[in-house]
Amino acid sequence: MTTRILPLELIDKAIGSQIWILMRGKTEVVGILRGFDDYVNLVLDDAIEYTPDAGGEITRTELKSEILLNGNQIAVLVPGGAPPGDSLAAQAS
């Protein structure tokens, strides 16, 4: 028998670890998850934002302070791992 885990429980287990986030549009964010709320607004430390420009180049922006991401803009969360090789984050590194 498999055990069920709720989405917020999965996010709670990821606190303190790296999380890869796909935002609406083409932006990706990688950072350390510090907290969240019921609306999946996230607080991140040591975050890096990856955004493609019009020419196809990937802009890497280090966000040097604690940030808050609006849960309405988040499309996918991948806790505890590095982005896959075809992600913007991997291509920019």
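Buried residues, defined by a relative accessible area under 20% (exposed being over 50% and partly exposed in between, with a 1.4 Å probe and protein chains only), account for 31% of the 93 residues in the protein chain. The structure is a predicted model, in which local features need pLDDT of at least 70 and side-chain atom pairs count only at pLDDT 80 or more, whereas totals for chains, interfaces and linings use all residues. Residues are numbered from 1 along each chain as its sequence is written, and side-chain values rest on heavy atoms, with hydrogens and water left out.

Two helices and six strands are present in the protein chain, taken as DSSP runs numbered from the N terminus (helices H or I, at least four residues; strands E, at least two), and their order from the N terminus is α-β-β-β-β-β-β-α. The radius of gyration of the protein chain is 14 Å, close to the 12 Å that the globule rule gives for 93 residues, so the chain is as compact as a globular protein of that length; the radius is taken over C-alpha atoms, and the rule is 2.2 Å times the number of residues to the power 0.38. Along its principal axes, the C-alpha trace spans about 50 × 30 × 20 Å. Of the contacts (heavy atoms within 4.5 Å) between residues at least 6 apart in sequence, 47% join residues at least 24 apart.

In soluble globular proteins, nonpolar side chains tend to be buried together. A nonpolar core is here a set of buried Ala, Val, Leu, Ile, Met, Phe, Trp, Tyr and Cys residues joined through side-chain atoms within 4.5 Å. The largest such core comprises 13 residues, and those with the most contacts inside it are Ile21, Val29, Leu33, Leu44 and Leu69. Two or more residues are given to this core by each of strand E1 (18–23), strand E2 (28–36), strand E3 (42–52) and strand E5 (67–69). Apart from it lies another core, of six residues, which include Trp20, Val30, Ile48 and Leu88. When residues up to four places away in sequence are not counted, the residues touched by Leu44 include Ile19, Ile21, Val29, Ile67 and Leu69.

Two residues other than glycine have positive phi values: Val40, at about 60 degrees, and Asp46, near 50 degrees. Val40 lies in the loop between E2 and E3 and is partly exposed, with a relative accessible area of 21%, while Asp46 is placed in strand E3 and counts as exposed at 60% relative accessibility. Leu6, in the segment before helix H1 (7–13), is likewise exposed, at 55% relative accessibility.
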